[in-house]
Amino acid sequence: MSIIETRRLRLRQMVDADLPEMESLLGDADVMRYYPAVKSRSEAQAWIDWNTRNYAEFGFGLWLVETIAGEFVGDCGLTMQTVDGVEQVEVGYHVRRDAQGVGYATEAALACLEFARARGISRVIAIINPANMESQRVALKCGLVLEKEVVKGRLQQLVFAASLVE
């Protein structure tokens, strides 16, 4: 069941049957180069489980992203993150290496921001590794601006933010 549809993409809840695709995505050293490590099969299952809990608790999480034709692209969505002791909604995205560079992350993230706005969420952040220029470009294209630098999980991170209040 689609949560969000765009011109080219469909975002839907992850299910256990998505484990092979999520394991491939989260186990790809190139996709995960700005994370401390790639994720194993059991960690990819834990990722799906975490998002399933998020759907139940918050009404959102990271959703599986596929083309309208059904080809797996990655994940994108909203999660709760704590920055400087404050819980905030973050937009996040991962795109298969061979599907990068065609605007999928931006298209999916913009749709997630509209989803958030429609549900009364007034502010969204993106936590991005300072070396991840591709992700920073996506955040900027989505209207987020660099707000500050923080240490999160012992890593230096940039926090981009946008107000969704019109």
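1. Let's start in the middle of this predicted model. The largest nonpolar core is built from 49 residues. Within this core, Leu11, Met22, Val91 and Leu144 have the most contacts. The element that gives the most to the core is helix α3, residues 104-118, which supplies nine residues. There is also a second, separate core of six residues, and Val83, Ile125, Val150 and Ala161 are among them.

2. Leu144 is a good residue to click on next. Which residues does leucine 144 touch, once those up to four places away in sequence are not counted? The list is Val91, Leu113, Val124, Ile125, Ala126, Ala139, Phe160, Ala161 and Ala162. Val91 appears here as a partner of Leu144, and Val91 is itself one of the residues with the most contacts inside the largest core. Two other partners, Ile125 and Ala161, are included in the second core.

3. Now step back to the overall plan. The chain contains four helices and eight strands. Reading from the N terminus, you meet them in the order β-β-α-α-β-β-β-α-β-α-β-β. It may help to trace this order with a finger on the picture while you read the rest of this note.

4. How does the overall size of the chain agree with that of a compact globule? For 166 residues, such a globule would have a radius of gyration near 15 Å, and the chain has 15 Å, so the two agree. Along the principal axes, the C-alpha atoms fill a box of roughly 35 × 35 × 30 Å. Of the 166 residues, 49% count as buried. Contacts also link distant parts of the sequence: among those between residues at least 6 apart, 58% join residues at least 24 apart.

5. A word on the outside. The accessible surface of the chain is about 8,300 Å², and carbon and sulfur atoms account for 52% of this. As for charge, there are 18 positive and 23 negative side chains. The centres of these two sets are 3 Å apart.

6. Helix α3 deserves a closer look through alanine 111, which sits in this helix. Is alanine 111 buried or exposed? With a relative accessibility of 15%, alanine 111 counts as buried, because the cut-off for buried is under 20%. Leaving aside neighbours within four places in sequence, alanine 111 is in contact with Ile4 and Thr6. Alanine 111 and glycine 101 are ten residues apart in sequence, and their C-alpha atoms are 18 Å apart in space.

7. Two polar names are worth checking too. Asparagine 51 belongs to helix α2, residues 41-58, and is buried, with a relative accessible area of 0%. Beyond the residues up to four places away, asparagine 51 touches Met14, Gly61, Leu62 and Thr79. Threonine 67 lies in strand β3, residues 62-67, and is buried at 9% relative accessible area. Its contacts, apart from neighbours within four places, are with Arg8, Leu9, Arg10, Val73 and Tyr104.

8. Aspartate 84 offers a contrast. Where does aspartate 84 lie? Its place is in the loop between β4 (72-83) and β5 (86-95). At 55% relative accessibility, aspartate 84 counts as exposed, because the cut-off for exposed is over 50%. The backbone here has a detail to note: aspartate 84 is not a glycine, yet has a positive phi of about 55°.

9. Glutamate 21 falls between these cases. This residue is found in helix α1, residues 19-26, and is partly exposed, with a relative accessible area of 31%. How many residues apart along the chain are glutamate 21 and arginine 96? They are 75 residues apart, while their C-alpha atoms are separated by 9.5 Å.

10. Finish with valine 145, in strand β7, residues 145-152. Not counting residues up to four places away in sequence, valine 145 touches Leu140, Val159, Phe160 and Ala161. One of these partners, valine 159, is 14 residues away along the chain, with 8.4 Å between the two C-alpha atoms. Phe160 and Ala161 are partners of valine 145, and Leu144 touches them as well.

Note on methods. Residues numbered from 1 in each chain as written. Predicted model: local features only at pLDDT ≥ 70, side-chain atom pairs only at ≥ 80, totals over all residues. Heavy atoms only, no water. Helix = DSSP H or I, 4+ residues; strand = E, 2+ residues; numbered from the N terminus. Rg over C-alpha atoms; globule rule 2.2 N^0.38 Å. Buried < 20%, exposed > 50% of the residue type's maximum accessible area, 1.4 Å probe, protein only. Contact = heavy atoms within 4.5 Å. Areas by Shrake-Rupley, 256 points an atom, 1.4 Å probe, with all protein chains shown as cover. Lys, Arg positive; Asp, Glu negative; His and termini not counted. Charge placed at Lys NZ, Arg CZ, Asp CG, Glu CD. Core = buried A, V, L, I, M, F, W, Y, C linked by side-chain atoms within 4.5 Å.
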